[in-house]
Amino acid sequence: MADTAWTLDGQHGELLIHTGVTGRAAKMGHRLTIAMRHWRATVRWADGEPATAELTVAVDSLEVLHGEGGVTPLSGPEKALVRSNALRSLDARRYPQIRFAANTVEPTADGYRLTGELDIHGTTRRQVIELRTTNSGAMWELSSKAAVRQSDFGVRPYSMMMGALKVADEVTVTFHATRATDT
């Protein structure tokens, strides 16, 4: 393979966070879809195979796309409030980036297993990502879905009404990107 490194960013795909709602008043809350608009992934190749991968995400690029459920639809001002609360929970000023660095990349039946360190909110933990890949000849298609427990990283999920309504501790992160094979 001629490439020694790939660089992907928000122009190549999307990185989304999906939240749940818990607590006695969960029916009042919204299950959110949040886009992380500014991210950069670098994949280093060796002997025609990916050898390492690194993803860096700008926390303040968080954008609330929509919310499902709740008593009423999520309005523009409510999206702004949710964003503000999320940035406060993540302490975005103190911890402006989320980073995943995979130092082991193993082939699987439908892609690769990336094993490395995930750093959120100043806490680093081991994370395994199952990355599905498809090569159509002209285009690579990459996708993954992973669960992350906020409390494992010292992030306290947002709550209100004395805890009767809260963002679920576990969030789901989805990633989808495409890249031309010859660029």
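**Figure 1. Pairing of strands β5 and β6 in the predicted model.** Strand β5 and strand β6 (residues 49-58) are joined by eight bridges and pair in the antiparallel sense. The model is a predicted one. Within this pairing, arginine 40 has threonine 56 of β6 as its bridge partner. The two strands form a hairpin with two residues between them. Aspartate 47 lies in the loop between β5 and β6. Its phi is positive, about 55 degrees, although aspartate 47 is not a glycine. Is aspartate 47 buried or exposed? Its relative accessibility is 82%, and the cut-off for exposed is over 50%, so aspartate 47 counts as exposed.

**Figure 2. The other pairing of β6 shown here, with strand β8.** Strand β6 also runs antiparallel to strand β8 (residues 97-108), and six bridges join the two. In this view glutamate 54 stands opposite alanine 101 of β8. Strand β6 thus appears in a pairing with β5 over eight bridges and in a pairing with β8 over six.

**Figure 3. The ring pair of tryptophan 6 and tryptophan 45.** How many aromatic pairs does the count give? The count comes to four aromatic pairs, with ring centres within 6.5 Å as the cut-off. For tryptophan 6 and tryptophan 45 the ring centres are 5.0 Å apart and the planes stand at 50 degrees, so this pair is tilted. That angle falls between the limits of under 30 degrees for stacked and over 60 for edge-to-face. The pair links distant parts of the chain: tryptophan 6 belongs to strand β1 (residues 5-9) and tryptophan 45 to strand β5 (residues 39-46), with their positions 39 residues apart in sequence. Both partners can be checked against the cut-off of under 20% for buried. Tryptophan 6 has a relative accessible area of 3% and is therefore buried. Tryptophan 45, at 11% relative accessibility, also counts as buried.

**Figure 4. Surroundings of tryptophan 6.** Ring pairs join Trp6, Trp45 and Trp140 into a cluster. Tryptophan 6 sits in strand β1. Alanine 53 is 47 residues away from tryptophan 6 in sequence, and the C-alpha atoms of the two are 9.3 Å apart in space.

**Figure 5. Helix α1 and the strand it packs against.** Does the span of helix α1 agree or disagree with the value of 1.5 Å a residue? Helix α1 covers residues 76-89, and its 14 residues should span 20 Å; the end C-alpha atoms are 20 Å apart, which agrees. The buried residues of α1 are Asn85, Ala86 and Leu87. What they pack against is strand β7 (62-69). Just after α1, aspartate 91 has a positive phi of about 50 degrees.

**Figure 6. The loop between β9 and β10.** Histidine 121 is placed in the loop between β9 (111-120) and β10 (123-135). Its phi is positive, about 60 degrees, although histidine 121 is not a glycine. Is histidine 121 buried or exposed? The relative accessible area of histidine 121 is 16%, under the 20% cut-off, so this residue is buried. Aspartate 47, likewise in a loop, counts as exposed at 82% relative accessibility.

**Figure 7. Glutamine 127 and its contacts.** Glutamine 127 is found in strand β10. With a relative accessible area of 11%, glutamine 127 is buried. Which residues does glutamine 127 contact, leaving aside its neighbours within four places in sequence? They are Phe100, Leu114, Thr115, Gly116, Leu118, Ala146 and Ala147.

**Figure 8. The whole chain, for orientation.** The protein has one helix and 14 strands. Its radius of gyration is 18 Å, close to the 16 Å from the globule rule for 183 residues, so the protein is as compact as a globular protein of that length. The C-alpha atoms fill a box of roughly 55 × 30 × 30 Å along the principal axes. Of the 183 residues, 39% count as buried. Among contacts with a separation of 6 or more, 59% are between residues 24 or more positions apart. The accessible surface is about 10400 Å², and 51% of this belongs to carbon and sulfur atoms.

Notes
Residues numbered from 1 in each chain as written. Predicted model: local features only at pLDDT ≥ 70, side-chain atom pairs only at ≥ 80, totals over all residues. Heavy atoms only, no water. Helix = DSSP H or I, 4+ residues; strand = E, 2+ residues; numbered from the N terminus. Expected span 1.5 Å × (residues − 1). Buried < 20%, exposed > 50% of the residue type's maximum accessible area, 1.4 Å probe, protein only. Contact = heavy atoms within 4.5 Å. Phe/Tyr/Trp six-rings, centres within 6.5 Å; stacked < 30°, edge-to-face > 60°. Pairing = 2+ DSSP bridges. Rg over C-alpha atoms; globule rule 2.2 N^0.38 Å. Areas by Shrake-Rupley, 256 points an atom, 1.4 Å probe, with all protein chains shown as cover.
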